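Please walk me through this structure in the viewer, telling me what to select at each stop and what is to be found there.

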Amino acid sequence: MGKRLRGETLAAFTMVAPAALWLFVFVAVPLIYVLGLSFCGQDEFGNAVFEFTTKNYANLLNADYLQIYLRSVLIAGATTALCVAVGYPFAYIIARTSSRHKSVFYMLVIIPFWTNSLVRVYGWKTFFSGTGWLSSVLMGLGLIDAPIDLLYTTPMTVFGMVYCLFPYMVLPLYSAIEKLDGSLIEASADLGARRSETFLRVILPLTSSGIFSGSIMVFIPCLGYFFVSDILGGGNADMIGNLIERQFQSANNWPLGAALSIMLILITIVLVRAYQRMGGDMDALGV
Amino acid sequence: MKAYEQSGEHTPMGAYLSRRSFLRTASLATTGGILGGLVGCGGSSSGGSAASDAGELNLFIWTEYVPESVLQSFQDETGITVNVSYYSTNEDLYAKLRSETEGTYDIVQPSDYMVAKLIAQDMLEPLDTGGLENFSNIGSSYLGMSYDPDNAYSVPYMVAMAGLAYNSSMVDKPIEGYADLFDPAYENSILVLDDARCVIGITNLVLGHDASTTDPDELAAAADKLMTMKKNVKIFDSDNAKASLISGDCAIAYNWNAELVLASREVPDIEYVYPSEGAIINEDNWCIAKGAANYDNAMKFIDYILRPEVSAACSEELPYVNPNMAALDILGSEYTDNEALNPTPDQMASCVYIDNLSVDAQASYEEIWTSFKK
Amino acid sequence: MTLSKRGRTVRNAIYCVLVYLFLFLPIAVVVAGSFNATESRPYLTWKGFSLMWYQRLFDGSQAALMEAFGHTMLIALTSTLLSTVIGTLVAVGMYRYRFRGKALIDALLYVPVVIPEIVMGISLLVLFAQAQVPRGMLTLVIAHTTFCIPFVVFNVRARLAGYDVSVEEASLDLGANRVQTFWNITVPVLAPGIGAGALLAFTLSIDDVIISYFVNGKTSVFPLKVMESIKMGVPPSVNALSAILLLFTVIFVVLTQSDLLSRHRSE
């Protein structure tokens, strides 16, 4: 028995150690570095040098940055709300259809994933540009006289975000709605509930887990997707992601970029905590 | 809450089903991916076969500044494999060069003030211009500049002039200078460089200050002035202004001259303008990065680009101001008489260079920029 | 407003078609662009129908693009393999054993899933810059493996729910060693979860833009090549390559359709 116990210890070590080591070196250590970097200053050439300072955090309170955070949160919020609004009825229809082609409907949501997201966003840009498809078709039909101007606006950025993140909302919604027990809906109707009542009191509470995990999977990435606002927003409505990216590139102020990242991590932690409070399953975010 | 818990009981099956169908679909893509991978590898190995003999060369250069055809013909002639990475501003170049390990890049292409900064930081290899057969093609007025008085580190490539262009069918009166960019009449119709130094620089010029001023009051004035342009700016773009000009997505563009010239060639209504305040110019240079792994190939490349016919080919495809006198002879009067491509001596004298700044001053510019782009 | 059952069906169908249109319209634009005979940047003007850009993918003229694509595939396959092995082992290990630090490992597993990719990207950049590791294939594989591991773990874990460890005990009692037991007993049971995790990892890897952007050094990968070309005007060869990939996906969806439907019914 002693041999097997020792074997157990060895087996446990072999199975857990590689991942533990990997995650420590490539997840924990880098984040500790970022935390340290956020307290660094800069030398005469702008390179980060260690000298304990909180000035990067003080800089975060700059009114311009506050406005950028606010905009980012609004854009991410609008994106999430639109994803729920458009995605819920859609997921409901495809998850509860009795059609034989149900799996086809599901797969049609996944197929766009295999075309690179940047390529697809560029597709939209081509579609909406002044000489693009939309204007050409509408002008050809005589519906408009001059090309319509939709690109390079904040709503366009939101549109692009919704497009990129939509499947991340639909898939958890689909799982949640699909496992909904149909007999509960019937029971509710039998007991005399109106359709809206059934929806609000039965369907919605039973599928809220899907809304929660979908919202986490849309809202948080949205804060960091800098390329969407660059391509469709024309670069004139910066979000937190753009701000961080710039600190590590052209502005070359890594300590400030690190402080901004730490703030983003804090926002994430708050949101994830809230998600857990509402009974969200962490593993559902990765499946 | 009870109902919610109940839904939890159903989790395994429902989740399983969705995973199952996900798995199905995903497996397809894998197979496709592997096939694609094989194709990809086939492509790269055929390209790489010549490389083993002549070695390689890693360029880190401006987007759309050196024609691909020229890189290809260098590759064909020498057998050297050329790998290219791109950047869009001098600051991007600096940040990336700084963070990568030495020897990552062989050749970089900084503008004047950035050359000075890189020299000061010991980030460049000395470059013996005596070893370049075609160095004498460069006009003397482009040599011995203050940022590198003996050309010990840099060889001029092209001069990019940040000029203006407008679509005459979309604006009422001709654009004359940078001041027009601030005119409220042009709301949401302007494209500007996505470059803090260039945009704040012209704001300083419009206010009658030095383009690279570090005076706090003048900078505060610039910050205020710049905000009056905010409503006008529709697009920030340092790489492909011509696309937006051609498609009519912007009526006015403040951008590098070649972009503007190329757009005006496509659409006759687009007019190039030399700004009355004097154009900001970037004199871009070939430099060899510190610790370059392929120094000799880098010298070969620079000498190749200096050849009159090669330099002329660059200008034909991407028409910037060319300091290569022998190339200008080939390009002929059509090129040299065009002030968008070859500024008059008066214009040349009124051109404005950007200065290297201290970290603090740089930070002030960055703050103004963030405020502008927010 | 009350609709008849038939009316609702029609309304639902229209709604779904609109959503699918939203999902596929830009892809249609991309595919159409691949047939454009245009030669000059920004490749936006329609110059007639042609297959020349498809031809060019294979004649060596698009070597840089194909090389980037090859890198992407290589990185995806390597990091999928690595993350699948590491992730499966730890998922089983954490299910089977109690040990100190388990909660910490769990927490570290959630980090790559929930933090914005840009934070992950810059944190790895900072690490590699600090450790003087030259950015390139190695750092890309490390980064991709890192963000793929949790997805493998979660999928394997979902499959583990209700898994009876006593089967393994029986195998050991019957004289099989631990490796044999793991390979012959554990892995087959978990295969669907491992497969799903691996394929999800592969998908995430080929599509990743943001993390690669910070750790690629001068190594070009397909998504970054696309990003670069968006700045300068996307050549139709990028569209053509995307269209070919899409075609592969669709063909295999169709081929496996009957199989999937039968499985669906049996469940």
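## A residue in a loop of chain B

Begin by selecting B:Ser169, which is exposed, with 11 other C-beta atoms within 10 Å; since a residue counts as exposed when there are 12 or fewer such atoms, B:Ser169 falls in that class. This is a predicted model, and the tour should be read with that in mind. Colour the neighbouring elements of chain B next, and B:Ser169 will be found in the loop between β5 (155-167) and β6 (190-192) of that chain. Then add B:Gly248 to the selection: although B:Ser169 and B:Gly248 are 79 residues apart along the chain, their C-alpha atoms are separated by 9.9 Å.

Now widen the view to the whole of chain B, in which there are 16 helices and 10 strands. Of the 374 residues in chain B, 53% are buried. Among the contacts in chain B with a separation of 6 or more, 76% are made by residues 24 or more positions apart.

## Two helices of chain C

Move to chain C and select helix α4 (residues 102-114) together with helix α6 (residues 137-160); the two pack at an angle of about 115°, and their axes are 8 Å apart. At that angle, α4(C) is roughly perpendicular to α6(C), and the crossing in which α4(C) passes α6(C) is left-handed. To see the residues that meet, show C:Leu109, C:Tyr110, C:Pro112 and C:Val113 on the α4(C) side, and C:Thr146, C:Phe147, C:Pro150 and C:Val153 on the α6(C) side. Sorted by character, the residues of this contact between α4(C) and α6(C) are seven nonpolar, one polar and no charged.

## Where chain A touches chain C

Display chains A and C together and select their contact, to which chain A gives 68 residues and chain C gives 73 residues. On the chain A side, the elements that give two or more residues include α1 (2-37), α3 (63-96), α9 (195-224) and α12 (254-277). The largest share of that side, 19 residues, comes from α1(A). When the chain A side is coloured by residue type, it divides into 50 nonpolar, 14 polar and four charged residues.

## A last stop on α4 of chain A

Which residues of α4(A) are buried? Select A:Ser103, A:Tyr106, A:Met107, A:Val109 and A:Ile110, which are the buried residues of that helix. Looking down the axis, one finds that they cover an arc of only 150°, so they lie on the same side of α4(A).

Technical notes. Residues are numbered from 1 along each chain as its sequence is written. Chains are lettered from A and ligands numbered from 1 in the order in which they are written. This is a predicted model: local features need pLDDT of at least 70, side-chain atom pairs count only at pLDDT 80 or more; totals for chains, interfaces and linings use all residues. Two residues are in contact if their C-beta atoms, placed from the backbone, lie within 7 Å. Helices (H or I, at least four residues) and strands (E, at least two) are DSSP runs, numbered from the N terminus. Ala, Val, Leu, Ile, Met, Phe, Trp, Tyr, Cys and Pro count as nonpolar, Asp, Glu, Lys and Arg as charged, and the others, Gly among them, as polar. Axes are lines fitted to C-alpha atoms, for helices over the stretch in contact, and angles run from 0 to 180 degrees between N-to-C directions. Angles under 35 degrees count as roughly parallel, over 145 as roughly antiparallel, 65 to 115 as roughly perpendicular and the rest as oblique. A crossing is left-handed if the near helix is turned anticlockwise from the far one by less than a right angle, and right-handed if clockwise. A residue is buried if 20 or more other C-beta atoms lie within 10 Å of its own, exposed if 12 or fewer, and partly exposed in between; C-beta atoms are placed from the backbone. The arc is that of the directions from the helix axis to the C-beta atoms.
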